[in-house]
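Reader: Hi! I'm new to reading protein models, and I'd like a close look at a single part of this one. Could you walk me through it slowly?

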Amino acid sequence: MVIWNRRIMGCAEHPAQDEHHAVALVTRICQQRALTPDGLVLHADHGGPMQGATMLERLAVIPSCSRPRVSDDHPYAEALYRTLQNCAALPTQPFADVAAAERWVAAFVQRYNYDHLHSAIHFVTLDDRYAGRDTAMLAHRNGVYREAQARHPERWSPETRDWTRITSVRLTPKQQPAEGTQPALV
């Protein structure tokens with residue numbers, strides 16, 4: 001997940017967590033997106049796969065970890081988990097095998113990135129935000145609201161909804177990427 005646009009950039013399903021799986025995933029995502037992992041800020045919990053020497057030394061990512069014993073330190077990841085947990089299609093039984101998990105996760109990611117309208121970014125899809133289409137969409141919505149307000153001012157409070165594109169995102173006010181680093185990948 002890229003923090004700025006909340007888009008799931010890639011995923012992988014494995015029977016167990018492993019540092020090598022995590023490195024392979026980050027490497028694949030970087031290759032697909034033409035990024036270099038060197039300088040990439042990777043926010044994660046304190047788990048071994050994300051803290052391993054291979055991740056930190058070979059890929060040269062900049063670690064950004066949740067605070068110890070703070071389960072909700074990453075509001076964007078928490079929003080993703082909440083959406084996942086409230087998904088009507090979430091299976092109630094374990095997956096039959098890794099292939100079944102891969103199919104379900106691929107369908108979820110498709111819906112999450114391309115269909116789901118995210119309230120925190122003014123009801124656009126993550127793909128619209130990632131591709132920059134949200135700028136025109138939000139400007140159009142703002143025009144529709146202003147026009148409706150002009151036609152029937154008695155139905156509106158003095159201000160309409162703010163459809164301004166969100167341009168700055170931080171995990172917490174104190175955590176800011178170092179100068180010259182790439183966007184955080186979660």
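Which helix do the buried residues of α4 pack against?

Author: Happy to help! One thing to keep in mind from the start is that this is a predicted model. The buried residues of α4 pack against α5, and that pair of helices is a good place to spend our time.

Let's begin with the setting. The protein chain contains seven helices and two strands. Following the sequence from its start, you meet them in the pattern α-β-α-α-β-α-α-α-α. The chain has 186 residues, and 34% of them count as buried. If you take the contacts between residues at least 6 apart in sequence, 54% join residues at least 24 apart. As for the outside, about 11,400 Å² is exposed, with carbon and sulfur atoms supplying 55% of it.

Now find α4, which covers residues 75–85, and α5, which covers residues 98–114. Their axes are 12 Å apart, and the two helices pack at an angle of about 115 degrees. The crossing of α4 past α5 is right-handed. On the α4 side, the contact is made by Ala79, Leu80, Thr83 and Leu84, while α5 brings Trp104, Phe108 and Tyr112. Sorted by class, six residues in this contact are nonpolar, one is polar and none is charged.

Next, look at which residues of α4 are hidden. Tyr76, Ala77 and Leu80 are buried. Because they cover an arc of only 100 degrees around the axis, these residues sit on the same side of α4. Leu80 deserves a second glance: Leu80 is one of the buried residues of α4, and Leu80 is also among the residues that make the contact with α5.

Let's now move along α5 itself. Asparagine 113 is located in this helix. Its relative accessibility is 2%, so asparagine 113 counts as buried. Setting aside residues up to four places away in sequence, asparagine 113 touches Arg7, Ile8, Thr125, Leu126 and Asp127.

After α5 comes a loop leading to α6 (126–131), and histidine 122 is found in that loop. Phenylalanine 123 is in the loop between α5 and α6 as well. Here is a useful piece of background: most residues other than glycine have a negative phi. Histidine 122, however, has a positive phi, near 65 degrees. Phenylalanine 123 has a positive phi too, near 60 degrees. How covered are they? Histidine 122 has 16% relative accessibility and therefore counts as buried. Phenylalanine 123, at 32% relative accessibility, counts as partly exposed.

From phenylalanine 123 we can step to one more residue. Arginine 161 lies in the segment after α7 (134–151). With its neighbours within four places in sequence left aside, arginine 161 is in contact with Phe123, Asn142 and Tyr145. Arginine 161 and asparagine 142 are 19 residues apart along the chain, yet their C-alpha atoms are separated by 7.9 Å. Arginine 161 has a relative accessible area of 43%, so this residue is partly exposed.

To retrace the walk, go back to your starting point: the buried residues of α4 pack against α5. Then follow α5 to asparagine 113, continue into the loop that holds histidine 122, and finish at the contact between arginine 161 and Phe123.

Terms used. Residues numbered from 1 in each chain as written. Predicted model: local features only at pLDDT ≥ 70, side-chain atom pairs only at ≥ 80, totals over all residues. Heavy atoms only, no water. Axes fitted to C-alpha atoms, helices over the stretch in contact; angles between N-to-C directions. Helix = DSSP H or I, 4+ residues; strand = E, 2+ residues; numbered from the N terminus. Left-handed = near helix turned anticlockwise from the far one by under 90°. Contact = heavy atoms within 4.5 Å. Nonpolar A, V, L, I, M, F, W, Y, C, P; charged D, E, K, R; others polar. Buried < 20%, exposed > 50% of the residue type's maximum accessible area, 1.4 Å probe, protein only. Arc of directions from axis to C-beta. Areas by Shrake-Rupley, 256 points an atom, 1.4 Å probe, with all protein chains shown as cover.
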